[in-house]
Amino acid sequence: RLHRVALAWTREARRIDADRSDLALLEAKLTLVMDRPDLALAGVQETARRGGSAELWAFAGAVHAENGDDEKAADAYERALAIDPQPSGWWLAFAIAAERTQRPTEARDAYRRALRRGLDEPQRRFAVARLNTLLRRDLP
């Protein structure tokens with residue numbers, strides 16, 4: 001019930017100011033909590049296309065990845081990173097999506113960038129292992 005009230009308030013606030021990225025992200029997260037990823041994505045992408053924040057694109061990437069749409073996930077993460085290239089987690093997520101969509105050169109570069117920006121230990125081990133696997137594939 002509380003999610004529904006919060007969602008109704010957020011939607012009303014967005015009617016007043018439709019271009020606020022923070023409200024679009026809040027609405028998307030509340031919608032996702034209510035098990036409606038399709039509606040969450042629709043609202044986020046609409047706002048993001050009108051000049052939304054990197055966080056909106058990263059959220060869209062995460063939802064696409066969760067739904068198994070790696071091509072759209074890679075595109076959304078790429079857009080997020082074009083706006084804000086600092087978050088190492090976004091580089092890691094982009095690397096995974098790029099690798100899954102058969103883009104090994106982009107995946108290698110993204111794993112390297114994620115590692116340079118700092119990852120926690122489990123993420124670092126994962127990124128190093130994936131990067132080494134991709135580098136071994138390039139050997140004659």
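Student: Does G51 count as buried or exposed, and what makes it so?
Tutor: This is a predicted model, and in it G51 has a relative accessible area of 61%. The cut-off for exposed is over 50%, so G51 counts as exposed. You will find G51 in the loop between α3 (37-49) and α4.

Student: What is the C-alpha separation of G51 and R20?
Tutor: Their C-alpha atoms are separated by 9.7 Å, although the two residues are 31 residues apart along the chain.

Student: Let's go to another loop. What makes Q102 buried or exposed?
Tutor: Q102 has 65% relative accessibility. Since exposed means over 50%, Q102 counts as exposed. Q102 lies in the loop between α6 and α7.

Student: What is notable about the phi of Q102?
Tutor: That phi is near 60 degrees, a positive value in a residue other than glycine. Q102 comes just after α6.

Student: How do you know whether α6 is enclosed by the rest of the structure?
Tutor: Count its buried residues: 10 of the 13 residues of α6 are buried, so the helix is largely enclosed. Among them are W90, W91, L92 and F94. The buried residues of α6 pack against α4, α5, α7 and α8.

Student: How do you know that the span of α6 agrees with what is expected?
Tutor: At 1.5 Å a residue, its 13 residues should span 18 Å. The C-alpha atoms at its ends are 19 Å apart, which agrees.

Student: Which residues touch the most other members of the largest nonpolar core?
Tutor: They are Y77, A80, W90, W91, L92, F94 and Y111, out of 26 residues in that core. At least two core residues come from each of α4 (54-66), α5 (70-83), α6 (88-100), α7 (104-117) and α8 (121-137). The helix that gives the most is α6, with 8 residues.

Student: What does W91 touch beyond residues up to four places away in sequence?
Tutor: W91 touches L81, P85, A110, R113, A114 and R117.

Student: Why is the pair E99 and R130 called a salt bridge?
Tutor: Their side chains meet with N to O at 2.2 Å. The cut-off is within 4 Å, between a side-chain nitrogen of Lys or Arg and a carboxyl oxygen of Asp or Glu, so E99 and R130 qualify. E99 lies in helix α6 and R130 in helix α8, so the pair ties together parts that are 31 residues apart in sequence.

Student: What makes E99 buried or exposed?
Tutor: The relative accessible area of E99 is 14%. Buried means under 20%, so E99 is buried. Its partner R130, at 22% relative accessibility, falls between the two cut-offs of 20% and 50% and therefore counts as partly exposed.

Student: How many salt bridges does a search of the whole structure find?
Tutor: The search finds 10. One network of salt bridges that share partners joins E71, E78, R103 and E106.

Student: Which residues does E121 form salt bridges with?
Tutor: E121 pairs with R124, where the closest N and O atoms are 2.8 Å apart. E121 also pairs with R125, with the closest N and O atoms 3.5 Å apart. R124 and E121 are 3 residues apart in helix α8, which is about one helical turn. E121 and R125 are 4 residues apart in that helix, again about one turn. In general, an α-helix has 3.6 residues a turn, so residues three or four places apart point the same way.

Student: What makes R124, E121 and R125 count as partly exposed?
Tutor: Partly exposed runs between 20% and 50%. R124 is at 34%, E121 is at 38% and R125 is at 47%, so each fits the term.

Student: How do you know that the buried residues of α8 line one face?
Tutor: The buried ones are A127, L131, T133 and L134. Seen down the axis, the buried residues fall within an arc of 160 degrees, so they line one face of the helix. On the other side, P122 and R136 are exposed. What covers the buried residues includes α6 and α7.

Student: What does D120 do at the start of α8?
Tutor: A side-chain oxygen of D120 reaches to within 3.0 Å of the backbone nitrogen of Q123.

Technical notes:
Residues are numbered from 1 along each chain as its sequence is written. This is a predicted model: local features need pLDDT of at least 70, side-chain atom pairs count only at pLDDT 80 or more; totals for chains, interfaces and linings use all residues. Side-chain values use heavy atoms; hydrogens and water are left out. A nonpolar core is a set of buried Ala, Val, Leu, Ile, Met, Phe, Trp, Tyr and Cys residues joined through side-chain atoms within 4.5 Å. Buried means under 20% relative accessible area, exposed over 50%, partly exposed in between (1.4 Å probe, protein chains only). Contact means heavy atoms within 4.5 Å. The arc is that of the directions from the helix axis to the C-beta atoms. A polar contact is a pair of N or O atoms within 3.5 Å; within protein, one must be able to donate a hydrogen and the other to accept it, and residues adjacent in sequence count only if both atoms are side-chain atoms. The expected span of a helix is 1.5 Å times one less than its number of residues.
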